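Q: Please take a close look at the internal space in this model. I would like to know what lines it.

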Amino acid sequence: MSTFTNPSTDGRNGTANRTMNATMNAAKNGPRHGAGNTSTTKATRRPRLSGMTWLVWRQHRAAFWTILAATVLCVAWMIYQRAQMMDFLNAYGFPAKNLDDAGKQFDPYVGAFSSVTTGLTAIPVILGVLLGAPLLASDLESGTAKLIAAQSVSRNRWLATKLALAGLVVTVTTVTLSAVFAWWWNPIKLQYADIDWTTREFFNTTGPVPVALSLLSVFGGVAIGVVLRRTLAAMVVTLGFTVALQAVWGYFKLSLGDIVTATSKPISPGGRITFPEVPRTAHVLDTSYVSGSGKRFDLTTCTDTLSEEATTSCMKKADIVGASIDYIPISQMSSMQWFGASILFALTAGIVAFLFIWGRKRLV
């Protein structure tokens, strides 16, 4: 293990150098003889972190433990809310009775979903800003990266350990929250039509999507911190990056599904239009009239007429013989999430590759 030559014997710099050198040497070599061997034998009776893993965990332990503790509290709250909801559903007679008829009785339980999803959708942003951006930027700004580089541990190993531990904490957290939230929502997922599954409150908080969004946000924040090398600036830019990521994802996510079109049976032009039925939880994209030639008309067609006769005449003139509805069924939700998450994971892998390539020369 290499150390600094002629370290300062006074002041904070000398103390920091001696402490870091002693920590790195002790982590690698450990006690060699005497009482130290007895302590080592006792310590190895249970698994403990050591070496670079221990150093990185200790450096960021406050952030890691805060994230894990917040996850436990959120999980406990969702378990409690699900128990409350299930008590109501059992007393109400669900699923024999239609939940849509419950009216305001069910509103408090829907409100509980809203209060939790507000926090869950913010997790990628929070993790990106508070964990990703400072992960390496703080070391580069304070000079700790240079101290690490002076040791025998390679920069690639240091970087890999940092990213692996941060990624592990993020993955464990988001997988747990996603699984528990899906477990809470599942009893009414296919029955309650007032919840739109395509909204970010539900689409982005279940399945692999929260994991993929969080990892991309965190590692994107790490990359921004490596480039800017200033913690505060990296956090500000990462905030903009994560918000933009959420906006772009929200804009393109519906394109991940296959649009299904339901068309009513054709009638005589000017007759009474009956709209086709679609699944109750389907997300409707467009509703329109259809002419005999297959041309689509907006529902506002002929609405400016002043009488029923004039409207019928207008519909005949337009040759409207039916109606169609474009929608995406909830059965496509899982495939859409995995397809979208695979794209996000690929982008994350690209950022990680960039960090290792850039880190060969810049992580000092």
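A: What follows covers the largest cavity, then a pocket, then a surface patch.

The model is predicted. One cavity of 30 Å³ or more is counted. The largest cavity holds about 110 Å³ of space. Its lining is made of 13 residues. L120, I123, N204, T205 and P210 lie nearest the centre of this cavity. Three elements give two or more residues to the lining: α5 (107–142), α7 (155–189) and α9 (209–228). The largest share comes from α5, with four residues. By type, the cavity lining has six nonpolar residues, seven polar and no charged.

Now the second largest pocket. The volume of this pocket is about 310 Å³. It is lined by 15 residues, and I67, A70, I123, I126 and L127 are the closest to its centre. I123 thus appears in both linings, being listed for the cavity and for the pocket. At least two lining residues come from each of α4 (61–92), α5 and α7. Helix α5 again supplies the largest share, here seven residues. The pocket lining divides into 11 nonpolar and four polar residues, with no charged ones.

Last, the surface. Helix α9, which contributes to the cavity lining, also contains V227. V227 joins L228, V237 and F354 in a nonpolar surface patch of about 290 Å². Patch members must have over 30% relative accessible area. V227 qualifies on that count because its relative accessible area is 40%, which makes this residue partly exposed.

How values were computed: Residues numbered from 1 in each chain as written. Predicted model: local features only at pLDDT ≥ 70, side-chain atom pairs only at ≥ 80, totals over all residues. Heavy atoms only, no water. 1 Å grid on protein atoms, 1.4 Å probe; cavity = no way out; pocket = protein on both sides within 12 Å on 5 of 7 lines; lining within 4 Å. Points joined across faces, edges and corners; volume = space filled by probe spheres on them. Nonpolar A, V, L, I, M, F, W, Y, C, P; charged D, E, K, R; others polar. Patch = residues over 30% accessible without salt bridge, like charges linked within 9 Å, V, L, I, M, F, W, Y side chains within 5 Å. Areas by Shrake-Rupley, 256 points an atom, 1.4 Å probe, with all protein chains shown as cover. Salt bridge = Lys/Arg side-chain N within 4 Å of Asp/Glu carboxyl O. Buried < 20%, exposed > 50% of the residue type's maximum accessible area, 1.4 Å probe, protein only.
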